[in-house]
Each structure stands twice: as C-alpha cells, then as structure tokens.
Amino acid sequence: MSAAPETSIVLADCFSRDLPEMAVRWTAREVRQPRLLVLNQPLAAELGFDDSWLRGPDGLKFLVGNLLPAGAQPVAQAYAGHQFGGFVPRLGDGRALLLGERVDIHGNRRDLHLKGSGATPFARGGDGMAAVGPMLREYVVSEAMHALEIPTTRSLAVIATGQPVQRDTLLPGAVLCRVASSHLRVGSFQFAAVARDVDLLRRLADHAISRHYPAAAQAEQPYLALLDAVIAAQASLVARWMLVGFVHGVMNTDNMTISGETIDYGPCAFMEAYDPATVFSSIDFWGRYAYGNQPAMADWNLGAFAEALLPLFAEDREHAVALAQDSLGSFRQRYEAAWSVGMRAKLGLTDGTADDVAAPLVAELLGLLQHSHVDYTSFFRQLGRAARGDAEPTRGLFVDLAGFDAWLARWLPLGPDATLMDRVNPVYIPRNHLVEEALAAATGGDLQPVEQLLTAVTAPYDERPGLERYAQPAPEDFGAYQTFCGT
C-alpha cells in the first residue's frame, strides 16, 4: 500500500479515534487495473479535489483505496440492525471501508467511503465485491435524489476493477466511492446498546451530536435533544420520498442514518402507477417496506433508536421510557406536516387554502390515481398544464373521467400556481426501465445510456427537447419490475 502525496489529500479519522471499539482497521483489496467509469465533477470540486488528479493513475488508486494520504487508515465500521424486523447484533461494513473524513469547501465534514473494496471481518461469508451495474445504480439514483433536493449520500466515482464478480452469472466488478455527512446509523447505536457499554453509547451519542446536531449539546437533556433532532430529520426525509414516489426497499435500522440522509440504493426504485402497496424488492415477501408503509417503518426504526438511547435519558428505566415515548409521539405529526406542505405545493395550492379544503381534495385525488393506475410522476407534471388551462392531456389518463372532472371542478377555482407546481413536480426521474436499460448497456461496456440518463435526472425539473423518452412510463411489455440488493 503506497502513500499519496500529503499535499494532494488530507483525511481525518475522527470516527475511529472517538470510537475505536466500532472501527476495525482494514485495507482495500488491490485493484491492478482501475478504470474510471464515471466521476462526479461538481462533487469533486465541492470536496476540494483536483479533477485531473482524480482521473489520473494516482487518483484512481486513491478512489479504490489503494493509495492513501499520509496517516490515513481505512476502517470497517461496526453496527447492528433489525433486518426485516429481526435483530442481528453484529453486522458492520462487510464489503465497505471508511477511508476517512474530509472537510469540504463549505467547511462541512464528509465521509469518504468505499463499496465493493473487498471482504472485511464483517463480510458474513460474502465475497466483499460489487458489480458494475449495482454501483452505477447507486450513482444514478443518489445523484437524481440530490437533484430532487432530497437529503442523500452521494456518489463521487465508480471505478471498474477489471475483476469478475460471481453472482447468478459472471459480472464485471466495480468499486463505488461514496460521500456522506457520516455513516452513523440507528444500527450503530444498537451495536453499542447490545454491548451494554454505557460509556461507548455516551461517546457515540456525543460524537453524533458534535457531528450533526451541535445545538443539542446546549439542551437541558442533550441525548433527548439528539433523539428529537433525528426524529425531525427522518420525518422530513421520508415525507420527501413519498412526494416523489420513491421506494427505498430495505428500510432496516442499519440503513437509517442519524444525519437524515438516504443511504443504501440496492433494491430501491421509483413508483410509476400510483399504488401504496407498491413493492419492488425481491426479498420483501410481505411488503414490509412497501411505498405506503414507509412512514410507519421510519417510526418503527426511530423506536429502536430511542430504545438504544434509554440508558442516557435517565437512570430509572420507566422514566427513560416515558421520555422516549413523548418524543416519539411527535414523528407522525412532523411527518404529516411535512408531507401536507409538500403535497399542497405539488397541487399549486397556497398557504391560504384551508386544511378542510386541501386535505379532502388530496385524499380524493390519490384514490382516483390508484383506481385508474395513473403514472404518479407524469400526472403531477401534466397537472401544471391543466392549471394553465389545458386539462385534456391530464384527463386522458383517467378511467373514471367523470370522477376526475368533478375533482378538477373543485381544484381549478382555488387558483393553483402552475409555476410553483413546475418547481416541485419533476419531469424526469430514474424510471425503472431506463435504469435497467442503462445498466445492462454499461455491463456490456457501453456507458452512453448511463450518461444520457444522468443528463435527464440531474436536472429533473427542466423539460428539454430530445429527452421525451425519459419522461415516459415504462412500456407495457416491460412487465412487473423487481429489484435486488446487488450482493
């Protein structure tokens, strides 16, 4: 393992210094012939990296963890988690490494993290590798989410390794370099709690407060303030997911961040025809993480977070539980408030529209969308045209035309703001058939479809000529869509 020039990059190791019990020193698997597939130039600039250096031989070695700045020591992070409701006390980064933390040009500390960098002691029998398709999926969808102004981990680069990965078939291998405010999860706190190490739990909470919610340190009860802050962040996040039809697919507690950023883009997808029961993940047999269940699952995960924090709230467990329950009771209210504000904007309604008018209007509309299997994204974008006086394209989407006309007759007199609607209703999302098409091409060596898809989804609100197919639902012959975790 060679060292990068110290002037090129500086990485801190706050996590491993503060929490050595949760950091296993490890090195990335050697990649002999790294080849850049895609580099996020705006994010590289935000992180203060020299774009030309990252594209060069030393930069590529750095992006796969084979060339490190002086003093850097990658670690695999330990965490626990509820996976589909079942608790696993020891999970951790099985095929991932935290390279370190970098302060960006805005003064924010960001994690640089690898996926597909080889098996670690947490690999649980896995090979530690990743394939080109799933890593490009994370790149495309995370950057689309960022463009939709949804808090998310981001992707700096995907690098082909030149090494095959065995899944159902042999696939070309890749490493993703991911960027996050941190990789602290609900599962991180569960790991400390199950160890019954209150000192570790307190240091972890202090680390999270310092990293994400410094105002909580000044509160009368800092750890309860931490819980409140995470509840607020997650309520806002999941509301934003719901407003764009995003289905995370695997909302385990190890995939819920303390920062409130979306993490893990394995079996995720975007809903097309509106249906709260929409499930894409091949392993979600019971629909636990269906689109419509996501708010309840976030609430459940936050309950697990609160349970892990109980020893920090009060010495008396009953008192600690009461404090936690009071805080958890705010999730639904926070979520409903955030979702309602967002839905009003999608309908172009101003703050002056009374709740007793807006709420029934929204509920009736969602029922109409579900009954007629209307494409969620296309509908809201075309509804902006209806607000401008051209309702025919929107009317043509409905089987129950009389029902929709009656709805229109109540909505239009409210004076919806079409300009506002166009600012919040995207034209382009990473539609499932387009993602699969692009990933299949990239697996075969053709990156142009990925680049074209990125062009569309990273400016989602700007309708542009030549991109019409990126705004269309999947053709009927695409069939039922299923996603996989990629491991």
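**Two helix pairs and a listed binding site**

In this predicted model, helix α6, which covers residues 186–194, packs with helix α9, residues 294–313, at an angle of about 35 degrees. The axes of α6 and α9 are 9 Å apart, and their crossing is left-handed. On the α6 side, the residues that meet the partner helix are V186, F189, Q190 and A193. On the α9 side they are N301, A304, F305, A308 and L309. Sorted by type, the residues of this contact are seven nonpolar and two polar, with no charged ones.

These values follow a general scheme: two packed helices are described by the angle between their axes and by the distance between the axes.

The second pair can be read in that way. Helix α5 (residues 132–147) and helix α17 (residues 432–443) pack at an angle of about 135 degrees, and their axes are 9 Å apart. Angles that are neither under 35 degrees, over 145, nor from 65 to 115 count as oblique, and α5 and α17 are therefore oblique to each other. Their crossing is right-handed. Helix α5 contributes V132, G133, L136 and R137 to the contact, while α17 contributes V435, E436, L439, A442 and T443. The residues of the contact between α5 and α17 divide into five nonpolar, two polar and two charged.

The last topic comes from a database record. An unreviewed UniProt entry lists N255 and D264 under "binding site". From this set, N255 is part of the lining of the largest cavity. Along the chain, N255 sits in the loop between β12 (246–247) and β13 (269–270).

Note on methods:
Residues are numbered from 1 along each chain as its sequence is written. This is a predicted model: local features need pLDDT of at least 70, side-chain atom pairs count only at pLDDT 80 or more; totals for chains, interfaces and linings use all residues. Side-chain values use heavy atoms; hydrogens and water are left out. Axes are lines fitted to C-alpha atoms, for helices over the stretch in contact, and angles run from 0 to 180 degrees between N-to-C directions. Helices (H or I, at least four residues) and strands (E, at least two) are DSSP runs, numbered from the N terminus. A crossing is left-handed if the near helix is turned anticlockwise from the far one by less than a right angle, and right-handed if clockwise. Contact means heavy atoms within 4.5 Å. Ala, Val, Leu, Ile, Met, Phe, Trp, Tyr, Cys and Pro count as nonpolar, Asp, Glu, Lys and Arg as charged, and the others, Gly among them, as polar. UniProt positions are given in the numbering used here, feature names are shortened, and annotations may be inferred rather than shown by experiment. On a 1 Å grid over the protein atoms alone, a cavity is a set of points where a 1.4 Å probe fits but cannot get out, and a pocket is an open set with protein on both sides within 12 Å along at least five of seven lines; lining residues have an atom within 4 Å of a point.
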